[in-house]
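Reader: I would like to go through this model with you and ask, for each term you apply, what value stands behind it.

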Amino acid sequence: MPENIILIGFMGTGKSTIGRQLSLSLGYPLIDTDHLIEERAGKSIPEIFAQEGEDAFRDTETNTLRSLAESTNHIISTGGGIIGRAENREILQELGYVVWLVASPEEILARTSRNSNRPLLNNQDPAGTIRKLLTQRMPLYEAASHLAIETDQLSFDEVVTGIVESARYHYSQTDEEE
Ligand code: S3P
């Protein structure tokens, strides 16, 4: 099994920050699917949404995820909606150990309201959108992940330590099975 750690979770749950810290503490390179999408498209995510629409963004997201199939010993941070497609959930599971970062709607609202680079929340009622999308997505995050971590009450360091220990345990068990 490829020894990657993949971070999934709603917008504003800290995937990028935790990803960077995991990358530093394990010495694994960080791949951020949103950054890859922007690099490949030559434009920002808000521009892709505005010019090509969400479906086109989702197609690029799936292609980007597929292109990571050969990666090993990486930290992979993903966009919050990546779990929407069944195909993506399968690819995530094949890529390695999938960690779901969980945060409350209040915390998500506080963290995402600091900038406007998330097209899905750029509307009159971001709090309502967060609640609606969370309800739709919770079972999908759960289905796609090996581990869920509630982040509201934890420091970034505590989250990182928890992930590293759980991933080590997970991979020690999978080694024994082989
Ligand atoms: C999205 C989350 C964003 C980005 C895009 C769509 C979503 O990533 O992929 O704006 O559908 O939840 P972050 O979770 O990194 O904000």
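Author: Helices and strands are DSSP runs, with at least four residues for a helix and at least two for a strand, and they are numbered from the N terminus. In this predicted model, Asn 73 lies in the loop between helix H4 (54-66) and strand S3 (75-77).

Reader: Why is Asn 73 called partly exposed?

Author: The relative accessible area of Asn 73 is 35%, and partly exposed covers what falls between the buried limit of under 20% and the exposed limit of over 50%, so the term applies to Asn 73. The backbone of Asn 73 also deserves a remark, since its phi is near 50°, a positive value in a residue other than glycine.

Reader: What makes Leu 24 exposed?

Author: Leu 24, which lies in helix H1 (residues 15-26), has a relative accessible area of 74%; exposed means over 50%, and Leu 24 therefore counts as exposed. The C-alpha atoms of Leu 24 and His 35 are separated by 18 Å, with the two residues 11 apart along the chain.

Reader: How do you know whether Thr 129 is buried or exposed?

Author: Thr 129 belongs to helix H7 (residues 126-144) and has a relative accessibility of 15%; because buried means under 20%, Thr 129 is counted as buried. From C-alpha to C-alpha, Thr 129 and Pro 105 are 10.0 Å apart in space, while in sequence they are 24 residues apart.

Reader: Turning to the ligand, which residues surround it most closely?

Author: The ligand is surrounded by 13 residues, of which the closest are Lys 15, Asp 34, Arg 58, Arg 118 and Arg 137. By class, the residues of this shell divide into five nonpolar, three polar and five charged.

Reader: What makes the approach of Arg 58 to the ligand a polar contact?

Author: A polar side-chain atom of Arg 58 lies 2.6 Å from an oxygen atom of the ligand, and because a polar contact is a pair of N or O atoms within 3.5 Å, the pair qualifies. Arg 118 likewise places a polar side-chain atom 2.7 Å from an oxygen atom of the ligand, whereas Gly 80 contributes a polar backbone atom, 2.8 Å from a ligand oxygen atom.

Reader: How much of the ligand does the protein bury, and which pocket does the ligand occupy?

Author: Taken alone the ligand exposes 380 Å², and the protein buries 94% of that. The space that the ligand takes is the largest pocket.

Technical notes. Residues are numbered from 1 along each chain as its sequence is written. This is a predicted model: local features need pLDDT of at least 70, side-chain atom pairs count only at pLDDT 80 or more; totals for chains, interfaces and linings use all residues. Side-chain values use heavy atoms; hydrogens and water are left out. A residue is near a molecule or strand if one of its heavy atoms lies within 4 Å of it. A polar contact is a pair of N or O atoms within 3.5 Å; within protein, one must be able to donate a hydrogen and the other to accept it, and residues adjacent in sequence count only if both atoms are side-chain atoms. Accessible areas come from the Shrake-Rupley method with a 1.4 Å probe; for residues, only the protein chains shown count as cover. On a 1 Å grid over the protein atoms alone, a cavity is a set of points where a 1.4 Å probe fits but cannot get out, and a pocket is an open set with protein on both sides within 12 Å along at least five of seven lines; lining residues have an atom within 4 Å of a point. A molecule sits in a cavity or pocket if more than half of its atoms lie within 2 Å of its grid points. Ala, Val, Leu, Ile, Met, Phe, Trp, Tyr, Cys and Pro count as nonpolar, Asp, Glu, Lys and Arg as charged, and the others, Gly among them, as polar. Buried means under 20% relative accessible area, exposed over 50%, partly exposed in between (1.4 Å probe, protein chains only).
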